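Trainee: I would like to learn how to read a model with two chains. Where should I start?

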Amino acid sequence: MKNTSLIPVVLVGFLLFYASTDFPEWGDPQSPASSSPVSSHFIAKTGVDTEVPNMVTAVLADYRGFDTMLETVVVFIAGMAVLAILRNFSRKKPVKRGHEVSVEPDLIVTNTVRLVVPVIQIFSFYVLAHGHVSPGGGFQGGVLMGASFILIALSWDLERALTRFPINRCMVVAALGILLYAGIGVLSMALGGEFLDYAELEKVLPVSREMARYHAMLGVEIGVGFTVTAIMFALYANLSSRGRLEGGL
Amino acid sequence: MGLEIINTLILLLLVVAALVALRVKDLITASVVFGVYSFLMCLLWAEMGAVDVAFTEATVGAGISTVVLVATIFNLKRKSSD
């Protein structure tokens with residue numbers, strides 16, 4: 001069986017190698033991706049339309065705002081699915097697993113984490129808020145924030161992390177993130193534009209149309225950050241404890 | 001020229017990491033090697049100038065997904081059967 005499965009693998013591998021000779025050179029200005037009118041439009045217009053220096057963020061949060069919103073919804077649904085399958089509401093005393101031993105958290109580890117967690121969290125805010133100018137944005141900032149809570153759960157135990165970010169609040173924050181994103185979209189609709197047409201927000205913000213798009217992008221990035229933070233932590237909490245939400249790893 | 005050498009080195013390490021992740025018996029080791037693979041991809045993207053993608057790969061691929069995999073494997077039998 002193993003040897004017969006090798007045949008399609010080698011065949012597909014050969015086809016992929018064969019196709020890869022057709023690729024344009026890296027950074028080739030004549031390649032289809034670089035010469036399409038869409039990319040030249042973005043390169044020429046992003047700075048003028050939105051005043052955002054980081055083109056990737058502008059495309060992600062503004063030009064393709066619908067796509068990013070539903071991506072966030074996908075993250076939310078994935079978290080809900082894991083919770084629906086794993087979450088264990090019974091109050092029964094759990095069976096001890098083989099490798100489980102009750103030990104005090106290590107002094108060196110916990111003190112290092114004490115020092116590192118605030119730095120991670122401040123960095124995640126920086127990544128989130130600075131996503132327009134430098135690489136970063138809602139997804140990365142949210143993951144970093146979630147990772148800081150996971151670090152607490154890893155070095156002490158899950159209860160300690162859950163006192164800081166209870167699982168019920170997780171779900172509220174995750175839903176709030178999507179609401180914030182969709183709310184900005186609906187608000188721009190109510191102000192006379194289309195869904196997620198941020199430029200219309202100039203009617204409520206004391207800024208120009210371009211800067212309205214700039215600030216609305218920060219708003220939707222914060223929404224994405226909320227959802228991703230909460231779902232990442234909820235995923236870890238449920239997967240590491242078989243949905244019982246207690247004990248260390 | 002220098003970049004070519006770094007590129008080749010990263011690509012070779014990528015292949016090695018992928019093969020090790022497939023061949024190794026212990027699942028924890030496999031998931032940690034997957035983290036290494038993700039981090040090498042992140043280096044490759046950063047070197048090509050796609051810094052946003054590299055950042056996402058570093059946080060999601062090398063960071064969270066390794067942690068989630070390890071957390072899951074701790075609740076399973078650790079050896080692969082073949």
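**Confidence, contact and core**

Mentor: Start with confidence, as this is a predicted model. Chain A has an average pLDDT of 85, and 93% of the residues score at least 70.

Trainee: Where in chain A is confidence lowest, and where is it highest?

Mentor: Compare the means of the elements. The lowest is helix α2 (residues 32-35) of chain A, with a mean of 81, while α6(A) is highest, at 92.

Trainee: Next, the contact between the chains. How many residues does each chain bring to the contact?

Mentor: Count each side separately. Chain A contributes 18 residues and chain B contributes 15 residues. On the side of chain A that touches chain B, α7 (138-155) and α10 (209-240) of chain A each supply at least two residues. The largest share of that side, seven residues, is from α7(A).

Trainee: What is the make-up by class of the side of chain A that touches chain B?

Mentor: Sort the residues by class. That side has 13 nonpolar, four polar and one charged residues.

Trainee: Which residues of the largest nonpolar core touch the most other members?

Mentor: Look for the members with the most contacts inside the core. Here the core has 55 residues, and A:A153, A:F233 and A:Y236 touch the most other members. Elements of both chains each supply at least two residues of this core, among them α4 (55-63) and α5 (65-86) of chain A and α3 (51-73) of chain B. The most comes from α10(A), with 18 residues.

Trainee: What does A:A153 touch, leaving out residues up to four places away in sequence?

Mentor: A:A153 touches A:L158, A:A161, A:Y236 and A:A237.

Methods
Residues numbered from 1 in each chain as written. Chains lettered and ligands numbered in written order. Predicted model: local features only at pLDDT ≥ 70, side-chain atom pairs only at ≥ 80, totals over all residues. Contact = placed C-beta atoms within 7 Å. Helix = DSSP H or I, 4+ residues; strand = E, 2+ residues; numbered from the N terminus. Nonpolar A, V, L, I, M, F, W, Y, C, P; charged D, E, K, R; others polar. Core = buried A, V, L, I, M, F, W, Y, C linked by C-beta atoms within 7 Å. Buried ≥ 20, exposed ≤ 12 C-beta atoms within 10 Å, placed from the backbone. pLDDT = per-residue confidence, 0-100.
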